Amino acid sequence: MDALDAILKRRSVRVFKDEKIEPSDIDYILKAGLAGPSACNRRPVEIIVIEEKNTILSLLPGRLESKPLLSAPLVLVVAVDTSKAIRRAPLYWSCDASASTENILIAATSLGLGSLWLGVWPQEDKMESIKKALSLPSSIVPFSLIAIGKKGDEGEPMWTKNSQDEKIHWEKW
C-alpha cells in the first residue's frame, strides 16, 4: 500500500480484535513515529509502548472516551520532553508530536491495522492522570494516546472527493 492509499484508508477504529500485534509491526510503527519532522531538529518526541491491560486501564480511568482502549492490544503514548523545546517558540513541540502521531496512524493503516488517536494535550486533568499512571518525569508531557490493533470494526471514512472540492481553494479564498 502506498502512502496516499494508507492516508485515504485510515479510519478511527474504536473496536479491536483480541490479537497481539507482531513485534516487527510494532517496530515499523515506532520507526514511523520517530521519523516525523521536528522543529529545528530538536527531536523532543518520546513514545511509551503499552501492551499490559492493567497499564492500559490505568491511563484514563472512568472516562467515556477511553472505552476503545479496553479492546486495544497495543497503546502508544506519544509524549514530549519539554526540556528540548525551542526557546523562541516553546510550543512547537506540539507540531512535532502531531506529526509523529499522524505518522503512527498511517504506518498502522499501511500494515492493515486499525488505530485511534485520543487527544490528551492540552487537557490538564488527562495529562496529570497519565503522568501519574506512568510515573513520567516532570519534563515529559503526554500528548496523545493511540490505540492500535486488528480492526473489530471498520470505522467511518475520513475523506471523500466531495470534501476535497469544498476544502481546497486556489490562489485565494
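Start with the sheet in this predicted model. Select strands 1 to 4: they form an open sheet in the order 1-2-4-3, with antiparallel pairing. Strand 1 and strand 3 are the edge strands, each pairing on one side only. On average, neighbouring strands of the sheet are turned by 25 degrees against each other, direction ignored. Strands of a sheet pair through backbone hydrogen bonds, in either a parallel or an antiparallel sense.

Next, keep strand 2 and strand 4 on display. The two pair in the antiparallel sense over 8 bridges. To find one of the bridges, pick Leu 74, whose bridge partner in strand 4 is Ile 148.

**Helices across the sheet**

Add helix 4, residues 93-110. Helix 4 lies across strand 1, strand 2, strand 3 and strand 4, and runs at about 10 degrees to strand 4. Its 18 residues reach 26 Å from the first C-alpha to the last, close to the 26 Å expected at 1.5 Å a residue. Is helix 4 enclosed or open to the outside? Of its 18 residues, 13 are buried, so helix 4 is largely enclosed by the rest of the structure. Just after the helix, select Gly 112, which takes a positive phi of about 85 degrees.

Now add helix 5, residues 124-134. Helix 5 also lies across strand 1, strand 2, strand 3 and strand 4, but its angle to strand 4 is about 80 degrees.

**The nonpolar core**

Stay with the sheet and show side chains. The largest nonpolar core has 44 residues, and those that touch the most other members are Ile 29, Val 75, Leu 76, Ile 104, Ile 130, Leu 145 and Ile 148. Two or more residues of this core come from each of helix 2, strand 1, helix 3 (53-59), strand 2, helix 4, strand 3, helix 5 and strand 4.

Centre the view on Leu 76, in strand 2 (residues 74-81). Leu 76 counts as buried because its relative accessibility is 0%, where buried means under 20%. Leaving out residues up to four places away in sequence, Leu 76 touches Ile 29, Leu 30, Ile 47, Ile 48, Val 49, Ile 104, Ser 144, Leu 145, Ile 146 and Ile 148. For a distance check, draw a line from Leu 76 to Ala 99: the C-alpha atoms are 14 Å apart, and the two residues are 23 apart in sequence.

Move to Ile 104. With the sequence neighbours up to four places away again left out, Ile 104 touches Ile 29, Gly 33, Ile 47, Leu 76, Val 78, Ile 146 and Ile 148.

**Salt bridges**

How many salt bridges does the structure hold? There are 3.

- Select Lys 150 and Glu 19: their closest N and O atoms are 3.2 Å apart. The pair links distant parts of the chain, 131 residues apart, with Lys 150 in the loop between strand 4 and helix 6 and Glu 19 in the loop between helix 1 and helix 2. Lys 150 is partly exposed at 34% relative accessible area, and Glu 19 is partly exposed at 35%.
- Select Lys 31 and Asp 27, again with the closest N and O atoms 3.2 Å apart. Both lie in helix 2, 4 residues apart, about one turn of the helix. Lys 31 is exposed at 56%, while Asp 27 is partly exposed at 38%.
- Select Glu 46 and Lys 84, whose side chains meet at 3.9 Å, N to O. This pair also links distant parts of the chain: Glu 46 is in strand 1 and Lys 84 in the loop between strand 2 and helix 4, 38 residues apart. Glu 46 is partly exposed at 33%, as is Lys 84 at 31%.

**Backbone details**

Most residues other than glycine have a negative phi, and most peptide bonds are trans. The last stops are exceptions to look up.

Select Trp 121 and Pro 122, which are joined by a cis peptide bond with omega about 10 degrees. Pro 122 sits in the loop between strand 3 and helix 5.

Then go to Ser 135, in the loop between helix 5 and strand 4. Its phi is positive, near 55 degrees, and Ser 135 is exposed, with a relative accessible area of 61%.

Finish at Glu 171, in the segment after helix 6. Phi of Glu 171 is also positive, near 70 degrees, and the residue is exposed at 81% relative accessible area.

How values were computed
Residues numbered from 1 in each chain as written. Heavy atoms only, no water. Buried < 20%, exposed > 50% of the residue type's maximum accessible area, 1.4 Å probe, protein only. Contact = heavy atoms within 4.5 Å. Salt bridge = Lys/Arg side-chain N within 4 Å of Asp/Glu carboxyl O. Core = buried A, V, L, I, M, F, W, Y, C linked by side-chain atoms within 4.5 Å. Expected span 1.5 Å × (residues − 1). Pairing = 2+ DSSP bridges. Axes fitted to C-alpha atoms, helices over the stretch in contact; angles between N-to-C directions.
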